[in-house]
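Please walk through the structure shown here, from its interior to its chain interface.

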Amino acid sequence: MKEMKTGPSRTVRNRTLAAGLTIAMTAGIAGCGTSSTPVASSSSPITITLLGFAGWAPSAIAAKMAQTEFPAYAKKHWGINVKVAYATSPFADLYSKPASSLAAHSSEYSLIWGKGMWYGSFTGPKWIASVNSLIANSPELKTAQANFISPFIQKSYESYPYGSNHLWGIPSEGDALIMYVRKDLLDNPANQAAFQKAYGFPLPTTFTQWQTLSWSKFTDILKFFNDPAKGFYGLASEYSDSYDFMFNQAMTMVRDYGGHIWDRSTRQVYGVLNSPQADAGLKAYVGLLKYQPPGADTWGISHDIQAFTGGHVFAAWQWSAVGPAMFTPAMQGKVMAVPLPGNTVNGQFLQYSAVGGQAWNVNNFLGPRHKAAAFDFIKWWYLPSTQMQYAMQGGNSVLKSVVDNPTVQAHDPWYRAYRYTMTNKHLVDEYHNADYATLMSEIQKAWTAYATGEINSASLANTYAACRQQATLFNTGLTNTAPPTSCANVHL
Amino acid sequence: MNNDGGQRLRFMRQGLSLKAFAWILIIPVLAFFTIWNVVPFLWLLGLSFYRYYPTFGQPPKFLGLGNYISLMNDPNVWERIGTTFIFMVSAVGIETGLGLVLGFVFWSRRALWGRRLALTLLFSPMVLAPVAAGTFFRLIYDPLYGVVPYYIHAFFGVPKPNLLGNSHTAMLAVLATDVWMWTPFMTMMTIAALGAVPKAVLEAASVDRLKFWQRVRYVMWPYGKFILLLGVILRTIDAFKTYGLIAAMTAGGPGNATDVLSITLYREGFVSFDMGKGSALALFTLFIAVAFTSVYLYFLKNREREAIS
């Protein structure tokens with residue numbers, strides 16, 4: 001007997017599927033059209049949301065100021081009713097969280113603490129708004145631009161293409177890598193005598209002496225203070241593969257040893273990164289692990305701060321932005337912030353440091369009122385009183401008038417090292433292009449493999465990274481030079 | 001008049017056929033499934049044939065099978081598959097073994113003092129978010145402040161090991177955390193499987209004085225195998241796509257030591273924003289997951305056929 005047909009006919013099935021697909025597509029199209037925030041009525045309050053870094057004091061200080069000070073100022077001076085919300089992203093997702101939100105054309109975050117390194121990927125698809133006309137039409141911002149501590153600020157924090165006149169953000173905070181050292185140990189006469197006897201030169205005790213210190217002498221100092229039996233070590237630095245943690249410190253040392261990461265103008269990596277100088281720099285950086293606590297080969301910012309403020313290390317190679325966390329009440333009078341050591345190559349003293357900090361980037365998918373409020377926020381941020389208040393709460397201003405203010409310098413003891421480094425000709429900022437995140441991930445993978453002992457050769461780490469990065473740049477059309485065929489045999 | 005006939009009459013009286021009523025019930029689910037499953041899947045499939053980086057601000061470019069060919073020729077992808085299989089097989093194997101033992105213990109000792117509390121405590125890791133568990137264990141394994149390195153140092157007199165920072169121990173440390181988290185699930189499945197065996201059959205086996213292994217093989221296994229193998233299938237699929245735990249503990253490092261497919265997939269999609277290659281890799285991962293699930297199902301059905309014949 002023929003089985004009775006109980007299910008729906010093919011026609012019904014097809015029609016149902018077609019209807020379902022139509023509903024789905026209609027919903028999708030409707031969704032695409034409503035991605036921007038609708039323009040609120042003029043009387044309704046505007047909420048602007050800041051996206052900052054979780055656990056990062058400068059973001060938290062600025063957010064608190066924004067929430068408590070800005071609404072009253074905006075109401076009084078511009079007659080707008082604004083509320084400020086604060087969202088955060090963990091360090092591991094610092095780039096991917098705003099990027100994935102903006103890729104969906106979301107207006108969820110009004111102002112993003114962005115990085116100059118991200119501009120290649122944020123400006124191509126027009127995710128963030130240009131600030132050229134905002135600056136041109138704002139006397140406060142024009143004054144601020146002229147008052148930056150260094151021309152490097154505009155290049156690094158604002159421009160894309162790098163160094164051009166196309167501006168996409170305005171610094172929220174300046175930052176660079178410096179060294180925090182234990183002043184009390186350096187000033188100890190017994191330590192001074194013992195060190196002089198052992199190494200034949202005096203312990204550097206002043207800022208000026210640290211300005212010209214070499215990596216080799218710094219290593220002697222670390223060796224002197226390193227005492228694992230007592231649970232005390234020489235240094236805490238970053239070797240984690242999260243975000244750009246290992247990259248900045250290691251890159252600094254690669255540059256100090258005469259190496260380069262890539263050729264910025266030709267976007268050539270292979271043959272540049274895999275060089276004897278870059279290998280020597282990487283080897284020297286990983287060699288510093290000998291004077292660091294167990295497990296330091298995977299450490300990031302918070303570990304360093306804990307180790308230093310917990311009294312486990314003599315020095316911490318960290319950002320000037322973490323100054324407020326390093327000069328704790330318990331460490332009062334015991335800490336000194338100094339420039340990074342350097343290295344003499346071909347008669348030239350190379351003293352590189354990496355630039356940090358963030359810029360305010362305005363989400364380009366905001367409605368007109370929200371965008372106007374976000375721009376007003378930036379103007380408020382650059383009021384002299386706001387900048388002064390930020391500095392007095394521990395933030396790093398980029399304005400000469402604030403940085404050179406004796407009251408601020410006395411209040412923020414890391415400012416001298418911060419200013420010195422920010423105005424140093426060897427301050428660098430890398431990877432301003434659309435492939436930034438991939439390049440960063442690839443080099444950190446190779447370098448952390450070397451730092452953790454997965455591979456034993458700095459040369460292999462650099463060659464692997466050079467091959468991968470060259471392939472990335474070639475595949476995305478940012479260079480016409482493909483990696484050599486020998487790269488097929490290069491593995492971690 | 002039977003019940004079906006009664007229902008049919010009621011619908012017809014309301015001017016609605018049974019078939020139409022069935023469609024009314026099924027359409028919301030079908031629409032939901034279409035919107036949230038079929039459309040994204042087709043979108044993903046379509047994207048996998050394009051080169052598309054949202055970060056470049058350029059329109060997608062058709063590549064045909066280019067992304068798939070690139071994946072097949074990429075030795076790193078094969079390495080990641082290898083790492084994923086090592087993680088998956090080890091995790092599911094250990095969890096199943098331990099789950100069986102614990103399941104038997106809790107099932108056979110119903111009058112055990114504190115059984116309920118022990119079961120509650122045992123199941124608690126399973127309800128934690130993997131990212132929270134990963135963060136928790138990252139601190140436990142921390143060589144400076146962590147409990148595990150402290151006791152290894154105290155008991156064995158060796159320097160405090162950096163378990164997550166060493167490429168030889170990182171995978172073991174991550175595996176141990178996964179086992180801690182998911183063995184309770186296999187324990188639960190074992191208890192459920194044993195609960196499916198009719199009491200009368202067990203009593204008959206007892207009267208017949210079957211040995212323990214005979215009871216397991218001929219009494220418990222035929223009744224409990226479906227539930228147990230379902231547990232193994234679910235755990236296998238879950239272990240294959242583990243992301244949160246590893247992302248929080250090592251993010252795939254050090255180097256490539258714990259870099260499983262899901263971490264690579266996240267990196268392609270949300271770090272590099274290579275949507276084409278990321279989509280191709282997602283489909284490739286889906287294909288592998290479906291393939292080994294099919295093997296399990298085949299095995300299950302085959303045994304069933306053998307039993308009938």
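The paragraphs below take up the cores, a pair of packed helices, a loop residue and the contact between chains.

The model is a predicted one. Its largest nonpolar core holds 156 residues, and the members that touch the most other members are Ile178(A) and Leu282(A). The element that gives the most to this core is helix H22 of chain A, residues 436–451, with ten residues. A second core, separate from this one, has 39 residues, among them Val92(B), Ala133(B), Phe240(B) and Ile263(B). In soluble globular proteins, nonpolar side chains tend to be buried together.

Ile178(A) has contacts well beyond its sequence neighbours. Leaving out residues up to four places away in sequence, Ile178(A) touches Ser320(A), the run Ala337(A), Val338(A), Pro339(A) and Leu340(A), and also Trp414(A), Ala417(A), Tyr418(A) and Thr421(A).

Leu282(A), the other residue named for the largest core, takes part in a helix pair. On the H14(A) side, Leu282(A) is joined by Ala278(A), Gly281(A), Ala284(A) and Tyr285(A), and these meet Gln249(A), Ala250(A), Met253(A), Val254(A), Arg255(A) and Asp256(A) of H13(A). By type, the residues of this contact are seven nonpolar, two polar and two charged. How do the axes of H13 and H14 of chain A cross? Helix H13 covers residues 245–256 of chain A and helix H14 residues 276–287; their axes come within 7 Å and cross at roughly 130°. H13(A) is therefore oblique to H14(A), since an angle that is not under 35 degrees, not over 145 and not from 65 to 115 falls in that class. The crossing of H13(A) and H14(A) is right-handed.

Is Tyr109(A), a loop residue, buried or exposed? Tyr109(A) lies between helix H4 (96–103) and strand E3 (111–114) of chain A. Tyr109(A) counts as buried because 24 C-beta neighbours are inside 10 Å, and the cut-off for a buried residue is 20 or more. Apart from residues up to four places away in sequence, Tyr109(A) touches Thr49(A), Leu51(A), Ala87(A), Pro98(A), Ser101(A) and Asn363(A). Asn363(A) is 254 residues from Tyr109(A) along the chain, yet their C-alpha atoms are separated by 6.8 Å.

The last topic is the contact between the two chains. Here 34 residues of chain B are in contact with 37 residues of chain A. On the chain B side, the elements that give two or more residues are helix H2 (18–47) and helix H12 (261–271) of chain B. H2(B) gives the most, with seven residues. The chain B side divides into 19 nonpolar, eleven polar and four charged residues.

Technical notes
Residues are numbered from 1 along each chain as its sequence is written. Chains are lettered from A and ligands numbered from 1 in the order in which they are written. This is a predicted model: local features need pLDDT of at least 70, side-chain atom pairs count only at pLDDT 80 or more; totals for chains, interfaces and linings use all residues. A nonpolar core is a set of buried Ala, Val, Leu, Ile, Met, Phe, Trp, Tyr and Cys residues joined through C-beta atoms within 7 Å. A residue is buried if 20 or more other C-beta atoms lie within 10 Å of its own, exposed if 12 or fewer, and partly exposed in between; C-beta atoms are placed from the backbone. Helices (H or I, at least four residues) and strands (E, at least two) are DSSP runs, numbered from the N terminus. Two residues are in contact if their C-beta atoms, placed from the backbone, lie within 7 Å. Ala, Val, Leu, Ile, Met, Phe, Trp, Tyr, Cys and Pro count as nonpolar, Asp, Glu, Lys and Arg as charged, and the others, Gly among them, as polar. Axes are lines fitted to C-alpha atoms, for helices over the stretch in contact, and angles run from 0 to 180 degrees between N-to-C directions. A crossing is left-handed if the near helix is turned anticlockwise from the far one by less than a right angle, and right-handed if clockwise.
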